[in-house]
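I opened this notebook to record what I looked up in the structure. The entries follow the order in which I consulted it.

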Amino acid sequence: MLASLSAAFSGVSLCTAGRVLSQQTRNTFILKRRTPPKLHKKNEKPGKLRGRHFVYDLVEDTNIKKKPNLEVVLTTFVEGIGSKGEVVSLKPRIAYNQLLLPGLGVYKTPESMAKYAVAETDEQKEQHSSAHAQRTVNKLESIVLAVVMNKDHPWVLERWHIKASLRKAGYYVPEEAIAIPEQPIAGPDLLKQNKEFICTITVNNLEKARLRCRIHHWSTEPSERLPYVTDHWLQPAEPLFGEPVEPKAS
């Protein structure tokens, strides 16, 4: 035999204008008798319940029961979640705090889906290729990329140098998505050591990230190597060019 018991408990007390207000919470516990009482015949008085009949086993506690995800229609683009008009399924805590309360989403209903459906004019104005593209842009713009070049042999900076340096740093970027400065950067030239320049990374053929890069010379001969600089990205650096220049794609 299962029994559903509802109990109201006093929650956090709030003090307002000298008065204490107690907020009530209602929790449900589903219990089962460990020893069910015997059945009685029709039109006969039920037998007296003993102490063993009041021993219950807990079947379900709604406080620890996992709540199902909420389906929310986004009213605007939300970084890392989706674009306007998309239906997303999220945990209740995330849906309430990050979408419903700030007004970035509404409950999924036929009316809300029709209201926030993306029209063709909205698609043309869309500035985000995906929900996570802006996170990629933010991450690329937060780093300082060390571009290690040879100290013993002549070189001219090309896009594949930036691609290799990004791969060494843990970022896999296709070469066609990299734009380097139009003004040639050649070496070896110790005057360019730790000087900073800007490259542009295109994400999904739409978003643009300005990547800060610094030249570092390296020699295969240990005696010819420059002193190691700890946390070079935290050190101030001069611009490689006197004025900012627009990066080029090829």
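Entry 1, strand pairing. I looked up β4 (residues 70-74) and found four bridges joining this strand to β5, the two running antiparallel. One of the pairs I noted is E71 with its bridge partner S89 in β5. I took two strands as paired if DSSP finds at least two bridges between them. Helices (H or I, at least four residues) and strands (E, at least two) are DSSP runs, numbered from the N terminus.

The model is predicted, so local features need pLDDT of at least 70 and side-chain atom pairs count only at pLDDT 80 or more, while totals for chains, interfaces and linings use all residues. Residues are numbered from 1 along each chain as its sequence is written, and side-chain values use heavy atoms, with hydrogens and water left out.

Entry 2, the sheet. I then followed the strands outward: three of them form an open antiparallel sheet in the order β5-β4-β6. β5 (87-90) and β6 (105-107) are the edge strands, and each has a single partner strand, so one side of each lacks a neighbour in the sheet. Neighbouring strands here are turned by 40° against each other on average, direction ignored.

Entry 3, the helix. I looked up α1 (residues 92-100), which lies across β4, β5 and β6 and runs at about 20° to β4. For such angles, axes are lines fitted to C-alpha atoms, for helices over the stretch in contact, and the angles run from 0 to 180 degrees between N-to-C directions. In α1 I listed P92, A95, L99 and L100 as buried. These residues cover an arc of only 85° around the axis, which puts them on the same side of α1; the arc is that of the directions from the helix axis to the C-beta atoms. The buried residues of α1 pack against β4, β5 and β6, contact meaning heavy atoms within 4.5 Å.

Entry 4, the whole chain. I recorded five helices and 13 strands in the protein chain. Of its 250 residues, 28% count as buried, that is, under 20% relative accessible area (exposed is over 50%, partly exposed in between; 1.4 Å probe, protein chains only). Among contacts between residues at least 6 apart in sequence, 57% join residues at least 24 apart.
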